[in-house]
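Please read the points below with the structure open beside you, and find each residue as it is named. The note begins with single residues and then turns to the chain as a whole.

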Amino acid sequence: MAEEVTPDRIMQLGMAFWGSKTLLSAVELGVFSELAKQPLDAQALQARLGLHPRSARDFFDALVALGMLDRQNGHYANTSETDLF
């Protein structure tokens, strides 16, 4: 039986850039350095980084989904890896 042809591999490769771009943007903006000082809620972190409030929470939550930040009780913190490296 012939294997079904799907766009899955193409889509996976095309979207792989999104995660790395999100991580590199966080590094450039100083997200991990700011959170190394202490966990912060979205509003405080957004203000310290000078981000627009409309997109800041989505950005931080994307980093949570990628495993680069932890979020507990509305506060964002570095993971063990992002805190160390």
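1. A residue in the first helix. This is a predicted model, and a good place to begin is Thr-22, which, once its neighbours within four places in sequence are left aside, is in contact with Phe-59, Ala-62, Leu-63 and Leu-66. Thr-22 itself belongs to helix α1, which covers residues 8-29. Its relative accessibility is 18%, and because buried means under 20%, Thr-22 counts as buried.

2. A charged residue with little exposure. Is Glu-34 buried or exposed? With a relative accessibility of 14%, Glu-34 counts as buried, and its place is in helix α2, made up of residues 31-37. When the neighbours within four places in sequence are set aside, the contacts of Glu-34 are with Leu-40, Leu-45, Arg-48 and Leu-49.

3. The nonpolar core. The largest nonpolar core of the model holds 15 residues, and Val-31, Leu-45 and Phe-60 are the ones with the most contacts inside it. Helices α2, α3 (42-49) and α4 (53-65) each supply at least two residues of this core, and the largest share, 4 residues, comes from α4. Leu-45, which is thus among the residues with the most contacts in the core, is also one of the contacts of Glu-34.

4. The surroundings of Phe-60. Which residues does Phe-60 contact, leaving aside its neighbours within four places in sequence? They are Ala-42, Leu-45, Gln-46, Leu-49, Leu-51, Leu-69 and Tyr-76, and it is worth finding each of them in turn on the structure.

5. Two loop positions. Gly-67 is found in the loop between α4 and β2 (69-72), where its relative accessibility of 34% makes it count as partly exposed. The C-alpha atom of Gly-67 is separated by 7.5 Å from that of Thr-79, although the two residues are 12 residues apart along the chain. Asn-73, in turn, lies in the loop between β2 and β3 (75-78), and it is exposed, with a relative accessible area of 79%. Asn-73 also deserves a second look for its backbone, since it has a positive phi of about 55° although it is not a glycine.

6. The order of the elements. In total, the secondary structure of the chain comes to 5 helices and 3 strands, and when these are read along the sequence they follow the pattern α-α-β-α-α-β-β-α. The chain is more spread out than a compact globule, because its radius of gyration is 16 Å, well over the 12 Å that the globule rule gives for 85 residues. Along its principal axes, the C-alpha trace spans about 55 × 30 × 25 Å.

7. Burial, contacts and surface. Buried residues make up 27% of the 85 residues in the chain. Among the contacts with a separation of 6 or more, 46% are accounted for by residues 24 or more positions apart. The chain exposes about 6500 Å², and carbon and sulfur atoms supply 55% of that area.

8. Charges. How many positive and negative side chains does the chain have? There are 7 positive and 11 negative side chains, and the centres of the two sets lie 9 Å apart.

Technical notes: Residues numbered from 1 in each chain as written. Predicted model: local features only at pLDDT ≥ 70, side-chain atom pairs only at ≥ 80, totals over all residues. Heavy atoms only, no water. Buried < 20%, exposed > 50% of the residue type's maximum accessible area, 1.4 Å probe, protein only. Contact = heavy atoms within 4.5 Å. Core = buried A, V, L, I, M, F, W, Y, C linked by side-chain atoms within 4.5 Å. Rg over C-alpha atoms; globule rule 2.2 N^0.38 Å. Areas by Shrake-Rupley, 256 points an atom, 1.4 Å probe, with all protein chains shown as cover. Lys, Arg positive; Asp, Glu negative; His and termini not counted. Charge placed at Lys NZ, Arg CZ, Asp CG, Glu CD.
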